[in-house]
Every structure is written in structure tokens, then in C-alpha cells.
Amino acid sequence: MHIQTLTTTDASRYRALMLHAYEAAADAFTSTAAERAAEPESWWLRRIAGPDSLSTVCGAFEGDELVGAVTVEFASKTKLRHKAHIIGMFVLAQARGAGVGKQLLDAALAAARAQPGVKVVTLTVTEGNVPAIRLYESCGFQPFGVEPMAIHTPSGFKSKVHMWLPLQSADGAD
Ligand SMILES: CC(C)(COP(=O)(O)OP(=O)(O)OC[C@H]1O[C@@H](n2cnc3c(N)ncnc32)[C@H](O)[C@@H]1OP(=O)(O)O)[C@@H](O)C(=O)NCCC(=O)NCCS
């Protein structure tokens, strides 16, 4: 298994992976498969490698197969540029429990650290999603609030836990 930043040549397999994710883990995501399936190819290309470089997608590959992915988004607005946001974390069921999610998160955090000026990484996770919350906690994310009724899924209203990770430079300075 290896992790690498996706390029435009990966767009169709990234789309296939995420459309599966929105169905298979519907409570974990704010988008539905139908909404994302309606997006044009340009939407997927922009997420992977937009001209403004405001998002990076890290992929986990078993040979040629994309078995997991995570996206880190950056802000364009001056007052928000110190924050990066992690979205779209997914690992295929058959690849779970082997460290793939952790390696993806490490890669996303490395991408955030490499972006000049980024001091904080945030994410949201559906309340009760223990594997994901444990994964984020294992990398140092801390919860700072819970949004009630954040999403309305086929199984009802779900709250979202908001988590954050302040980044420190190698010498410990902020
Ligand atoms: C959450 C998810 C990405 C984890 O991927 P994974 O490859 O299985 O995770 P890893 O094997 O790297 O596990 C890393 C850590 O996460 C935690 N973890 C992972 N699966 C867990 C589980 N079933 N129960 C409890 N903790 C778990 C553990 O702390 C683990 O570290 P450890 O193995 O040293 O105990 C995966 O379960 C998934 O894709 N779930 C569906 C989509 C989803 O919920 N995405 C999150 C959206 S916010």
C-alpha cells in the first residue's frame, strides 16, 4: 500500500470511490451520492487539482486500486488562511483496520503543514462514529463542540462533533 497525492489522471477512480463512500457510509458525509453524481467532471478535477490549488486529495493505493482517500481544503479569504479543513475521509471496508486511514490522515496533515501560514486544522465528524473519532484523536485532534441536528440522513438527524488540531512547528513554536 502506498499513499500519494492524486492527480487529474486519478479523477475517474476518485469519483467512483467517493460515490461508493456516500452510499456505503451515508451518515458520515454531508453530501449524498446523487448530489455528487450530478457534478460535472470539472468539479472532480477542480477538487483534485484546481487552478487555485485550494484542495489536495491524498489517495491510498493497493497496486493500481484506489482503496482510500482524504481531502484537505485551504481557504482563499485572508482572515481564514491560517485554517485548513479535512473532508472526505474514506477507506474501503476490506482495507480497514490496517493503518490506511492513519496514513491518509498523516499525509493530509503533512500537506497542511506544507501550506505557508496554516496554523490550525479542523474537521467535523458525525457523533457516534467511533472509528473516525478514535482515528482523529490518535493524531491529536480535540473536540471543541457538538452541533445538534447538523445533518438529516435516512436514519434521522445526526449531530456533528467539531474537532481541531493546532499545528506546531518542528521547534515547538507557533
Ligand atoms: C474511519 C476510517 C477512515 C478508519 O480507517 P482505517 O483504515 O480502518 O483506520 P486505521 O486502520 O488507520 O486506524 C487508525 C486508528 O483509528 C482508530 N480506529 C480505526 N478503526 C476503529 C474501530 N473500528 N474502532 C475503534 N477505533 C478504530 C484506532 O485508534 C486506530 O488506531 P489503532 O489501530 O492503533 O488502534 C474508516 O473506518 C472509514 O472509512 N469509515 C467510513 C467513512 C467514515 O466514517 N469517514 C469519516 C468521515 S468524518
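**Entry 1: M149**

I began with M149, which I found in strand 6, residues 142-153. I reminded myself that I am looking at a predicted model. Is M149 buried or exposed? I noted it as exposed, because 10 other C-beta atoms lie within 10 Å and a residue with 12 or fewer counts as exposed. I also looked up the backbone here: the phi of M149 is positive, about 50°, although M149 is not a glycine.

**Entry 2: the ligand and its shell**

Next I turned to the ligand. How many residues surround the ligand? I got 20, and the closest are R96, G101, K102, P131 and L135. Then I checked which elements give two or more residues to this shell, and they are strand 4 (83-91), helix 4 (100-114) and helix 5 (130-138). Which element gives the largest share? That is helix 5, with 6 residues. I sorted the shell by residue type as well: 12 are nonpolar, 5 are polar and 3 are charged.

**Entry 3: helix 4**

Since helix 4 gives residues to the shell around the ligand, I stayed with helix 4 for a while. I checked its length: at 1.5 Å a residue, its 15 residues should span 21 Å, and its end C-alpha atoms are indeed 21 Å apart. Which residues of helix 4 are buried? I listed G101, L104, L105, A107, A108, L109, A111 and A112. G101 caught my eye, as G101 is also one of the residues closest to the ligand. Then I asked what covers the buried residues of helix 4. The cover includes strand 1 (2-5), strand 2, strand 3, strand 4, strand 5 and helix 5.

**Entry 4: G117, just along the chain**

I followed the chain to G117, in the loop between helix 4 and strand 5 (120-126). I counted G117 as exposed because there are 10 other C-beta atoms within 10 Å. Which residues does G117 touch, leaving aside its neighbours within four places in sequence? I found contacts with R81 and H82. I also took the distance to S31: the two C-alpha atoms are 29 Å apart, and the residues are 86 apart along the chain.

**Entry 5: helix 1**

I went back towards the start of the chain, to helix 1 (residues 11-24). Helix 1 has 14 residues and reaches 20 Å from its first C-alpha to its last, close to the 20 Å expected at 1.5 Å a residue. Its buried residues are A11, Y14, L17, M18, A21 and Y22. Why do they sit on the same side of helix 1? They do so because they cover an arc of only 135° around the axis. What do these buried residues pack against? I wrote down helix 2 (33-37), helix 3 (41-49), strand 2 (55-62), strand 3 (65-74) and strand 4.

The face of helix 1 turned away from the buried side carries the exposed residues S12 and A16. I took a second look at S12, which counts as exposed because there are 12 C-beta neighbours inside 10 Å and 12 still falls under "12 or fewer". From S12 to Q103 I got 22 Å, C-alpha to C-alpha, for residues 91 apart in sequence.

**Entry 6: A34 and E65**

I then picked one residue from helix 2 and one from strand 3. A34 lies in helix 2, and I noted A34 as exposed because 10 other C-beta atoms lie within 10 Å. How far apart are A34 and P166 in space? The C-alpha atoms are 35 Å apart, with the two positions 132 residues apart in sequence numbering.

E65 lies in strand 3. E65 counts as exposed, because there are 12 C-beta neighbours inside 10 Å. From E65 to P143 I got 33 Å, C-alpha to C-alpha, for residues 78 apart in sequence.

**Entry 7: the record**

Last, I opened the UniProt record. The entry is unreviewed, and it places the feature "domain: N-acetyltransferase" at residues 1-168. What does the chain look like over residues 1-168? I read 31% helix and 36% strand, and the end C-alpha atoms are 28 Å apart.

Conventions. Residues numbered from 1 in each chain as written. Predicted model: local features only at pLDDT ≥ 70, side-chain atom pairs only at ≥ 80, totals over all residues. Near = placed C-beta within 6 Å. Helix = DSSP H or I, 4+ residues; strand = E, 2+ residues; numbered from the N terminus. Nonpolar A, V, L, I, M, F, W, Y, C, P; charged D, E, K, R; others polar. UniProt positions renumbered as here; feature names shortened; annotations may be inferred. Expected span 1.5 Å × (residues − 1). Buried ≥ 20, exposed ≤ 12 C-beta atoms within 10 Å, placed from the backbone. Arc of directions from axis to C-beta. Contact = placed C-beta atoms within 7 Å.
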